[in-house]
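Open the model in your viewer and switch to a cartoon display. This tour goes from one strand to the next and says what to select at each stop.

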Amino acid sequence: MSTMKFCRECNNILYPKEDKDQKILLYACRNCDHQEAADNNCVYRNEINHSAAERTQVLQDVAADPTLPRTKSVRCSSCGHGEAVFFQATARGEEGMTLFFVCCNPNCGHRWRD
């Protein structure tokens, strides 16, 4: 398997890029204009598919994160607990930022958005 390549100019990762005119594979830096010819024409792609349980665990762990802001001005509709952590993120398929809440009750972990 191929190893990752890094830019000689700025040490950022090099990404595969096709030179359609010369019909060769290049590795190009997205930070500066450095490019170099690939020594192997095989590009590997690693896709990671997470199960729903893995995603849920990540969000439940969010409630225990001491760096996230907390509020007591909301009440969980699932368990009635009066404390939640909140953060902003982009929602799938939507533009702009959305305010997400996660219940701080360790037995609940209910999440909702504002």
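Begin with strand E1 and strand E2 (residues 24–29): six bridges join the two, and they run antiparallel. Keep in mind that this is a predicted model.

Next, show the side chain of Tyr15 and look across to E2, where the bridge partner of Tyr15 is Ala28.

Now bring in the rest of this sheet. It is an open sheet of three strands in the order E1-E2-E3, with antiparallel pairing. Select residues 14–19 for E1 and 35–37 for E3: these strands stand at the edges with a single partner strand each, so each has one side without a neighbour in the sheet. Rotate the view and compare the directions of the strands; neighbouring strands here are turned by 35° against each other on average, direction ignored.

Move on to the other sheet on this tour. Four strands make up this open sheet, in the order E4-E5-E6-E7, and the pairing is antiparallel. Which strands stand at the edges? Select 70–71 and 111–113: these are E4 and E7, each with a single partner strand, so one side of each has no neighbour in the sheet.

Select residues 84–89 and 98–103 next. These are E5 and E6, antiparallel strands joined by six bridges. Two pairs can be picked out here: Val85 has Val102 in E6 as its bridge partner, and Phe86 stands opposite Phe101 in E6.

Finish on the E7 side of E6. Three bridges join E6 to E7, and these strands run antiparallel. Select Val102 again: in E7, Arg111 stands opposite Val102.

Key
Residues numbered from 1 in each chain as written. Predicted model: local features only at pLDDT ≥ 70, side-chain atom pairs only at ≥ 80, totals over all residues. Heavy atoms only, no water. Pairing = 2+ DSSP bridges. Axes fitted to C-alpha atoms, helices over the stretch in contact; angles between N-to-C directions.
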